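Visitor: Could you walk me through reading a two-chain model? I'd like to start with the interface and then look at a helix or two.

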Amino acid sequence: MADESLVRLRGVAKDYKRGAETVHVLHALDLDIPKGDFLALMGPSGSGKSTLLNLIGGIDRPTAGSIEIAGIRTDAMSDGDLGRWRANHVGFVFQMYNLLPVLTAERNVELPLLLTKLPAAERRKRANAALGLVGLSERAQHKPRELSGGQEQRVGIARAIVSDPTLLLCDEPTGDLDRKSGDEILDLLQALNQQQGKTIIMVTHDPHAAARAKHVLHLNKGQLGREAAA
Amino acid sequence: MLKYLPLLWANLGRKRLRTSLTLASIIVAFLLFGLMQTLRVAMTGSPELAGIDRLITMHKTSFVQSLPLAYLNRVKGVDGIVVATSQDWFGGIYQEDKNQIAAFAVEAPTFFEVYSEYQLTPEEKQTFLQDRTGVIVGPLLAERFKWKVGDTIPLRSNIWTRKDDGGNVWPMKIAGIYQASNGDNQSMYFHYDYLNESRREIRDMIGWVVVKVKDPDRSADIARAIDDLFRNSSTETKTSTEKAFIQGFANQMGNIGKLLTFVAAAVFFTMLLVTANTMGQSIRERFNEIGVMKTLGFSGAGVTFLIIAEAILVTGLGGLIGLGLAALASKGIGAAVAQFFPVLGMPSATWGIGVVLILLLGGLAAAIPCAQASRLKIVDALRKS
């Protein structure tokens, strides 16, 4: 598995300063995630799940260790390079959706494409294709406040996949949804993994959600526990 | 960069009441700025009127004191002078007292040599020079009273009376409508001979002499030479550049202009600071969204650009509307006080200064949020949701 790893972490540690105190969030983690995996990261609050996800996604930097994604050392990149790398290779799905409330669903999905040189018509076409993939074509001109929580999260997923990233990172994607909407989101993630071959890492508290993943990893006090097939 | 316009525009609609109030503040601030500039120029003189190669010789005490007509010929003989002409203040009123007109009696043949920026068609010029009661008027003045060439208008003077009938109404025949490149489009010029021969009060006296010099660098020497001609006489003169003369005229208004300028400037900058603070606040409220955009791959510089662009969009919109309103208001005020300030109107430089202020205000509003946004870590920003 290690040879085909898309994500490879070696000795990754993360410390935070809280006043004079240093908090050790992650302790020398080694982790390999193969391409095409759907991994659920579980663990109690404060165990470091989201921190680990942020490190893999390049929105935070490790205190020690190395992070390699598709053979590229992301921990050694400059902020600018890391931003460009994120735009091209990573899609983020947030618990609170984090859509821009002033933009329509279509404009929200188009947002990552503004960083490309695509012409407006092509950007619009791709945004609508992504919305179609999550089943929200007819809600393209609606603003987030006009959508249900489940629909907002679908728009969030469309935004995450519109630039066709290698890796999809989901932080509690069903955490703010009722069971039915949550199941629909998980169906969507599963389909993206199985049909589109997207590699997905999902942080969740919910065993029901974790059961949809191919593998489950437990984090406890910054250390990886047992790995289990879901 | 146009691709970001929908995002910037959408952000303005986020809190419409706040955006409207902020825009209103900027509009009022720039309206005030435009009017302040107009007033400043009006109160401190109209330098646009002044030619760099012209000197004015007037009575040493005040320009309301007259000079003997003979001075004109003596001045013409001073070395370094190309040509000299005379002018006299008429104090014109048309029909009603509110219609005050800046009317001057001039030595017609030399007037056009000294003031080459005043243009007439050859026919109009010919008619004017040949008709003793002929008068030329500015285009705005003609438009205001629907005058046309050939009309004879009764112009009342609040200074001079006619010796033939003792009245103060002077018939003037419009010989032409001049075009002046210096912005003076509301004045009236007629023959000094007509005034001199017909007025009862004095004869062979003029208001002041206007001199065109060969070399503006020698203006100080020439001015001294002119004043030396009349030193120790009963009517001593004071010669200065035309710009200084116009400012001296405007200084009759005292320090009102300065006072108004200070008050308006204080109000303007207070409004700018309040506006900058409000705009900064609206951006600080969106740090979570900035975190999301950075997560999606927007660079720190990209986010900074968007913040500054949004701030400048608001200030630009408000500033240009405010300056536009000021230009319109200045036109209205200018028409009302044309007698005293023939070129009153918002100076064209105001637009340039306004654009600089728009950029400064936008920069000021965006500076602190930009600094905060650039320091903001994505993970901290996302926690603010």
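Guide: We'll take the interface, then a helix, then a loop residue. Keep in mind that this is a predicted model.

Visitor: How do I put a size on the contact between chain B and chain A?

Guide: The size of an interface is often given as the accessible area lost when the parts come together. Here chain B and chain A bury about 2,000 Å² between them, with 69% of that on carbon and sulfur atoms. In residue terms, 21 residues of chain B touch 23 residues of chain A.

Visitor: And how many salt bridges and polar contacts are there between the two chains?

Guide: The rule finds 0 salt bridges across the interface of chain B and chain A. Polar contacts do turn up: 5 residue pairs, both partners at pLDDT 80 or more.

Visitor: Which elements of chain B give two or more residues to the side that touches chain A?

Guide: Those are helix H1 (5-12), helix H11 (287-295) and helix H14 (378-383) of chain B. H11(B) brings the largest share, 6 residues. By class, that side of chain B has 11 nonpolar, 5 polar and 5 charged residues.

Visitor: On to a helix. What should I check on H6(A)?

Guide: Try its length. At 1.5 Å a residue, the 17 residues of helix H6 (residues 179-195) of chain A should span 24 Å, and the end C-alpha atoms are 23 Å apart, so the two agree. Then look at the ends. At the start of H6(A), a side-chain oxygen of A:Asp178 comes within 3.3 Å of the backbone nitrogen of A:Lys180. Just after H6(A), A:Gly197 has a positive phi of about 75 degrees.

Visitor: Which residues of H6(A) are buried, and what covers them?

Guide: An α-helix has 3.6 residues a turn, so residues three or four places apart point the same way. In H6(A), the buried residues include A:Ile185, A:Leu188, A:Leu189 and A:Leu192. Among the elements covering the buried residues of H6(A) are strand S3 (38-42), helix H4 (120-133) and helix H5 (149-161) of chain A.

Visitor: Is A:Thr74 buried or exposed?

Guide: A:Thr74 counts as buried because its relative accessibility is 2%, and the cut-off is under 20%. A:Thr74 lies in the loop between strand S5 (72-73) and helix H2 (79-89) of chain A. Beyond its neighbours within four places in sequence, A:Thr74 contacts A:Arg61, A:Ile67, A:Ile69, A:Leu82 and A:Trp85. A:Leu82 and A:Trp85 are among the buried residues of H2(A).

Visitor: What covers the buried residues of H2(A)?

Guide: This brings us back to the interface. The cover includes H11 and H14 of chain B, together with chain A elements such as helix H1 (49-57) and strand S4 (64-69).

Conventions:
Residues numbered from 1 in each chain as written. Chains lettered and ligands numbered in written order. Predicted model: local features only at pLDDT ≥ 70, side-chain atom pairs only at ≥ 80, totals over all residues. Heavy atoms only, no water. Contact = heavy atoms within 4.5 Å. Buried area = accessible area lost by both parts, 1.4 Å probe. Salt bridge = Lys/Arg side-chain N within 4 Å of Asp/Glu carboxyl O. Polar contact = N/O pair within 3.5 Å; in protein donor to acceptor, adjacent residues only side chain to side chain. Helix = DSSP H or I, 4+ residues; strand = E, 2+ residues; numbered from the N terminus. Nonpolar A, V, L, I, M, F, W, Y, C, P; charged D, E, K, R; others polar. Expected span 1.5 Å × (residues − 1). Buried < 20%, exposed > 50% of the residue type's maximum accessible area, 1.4 Å probe, protein only.
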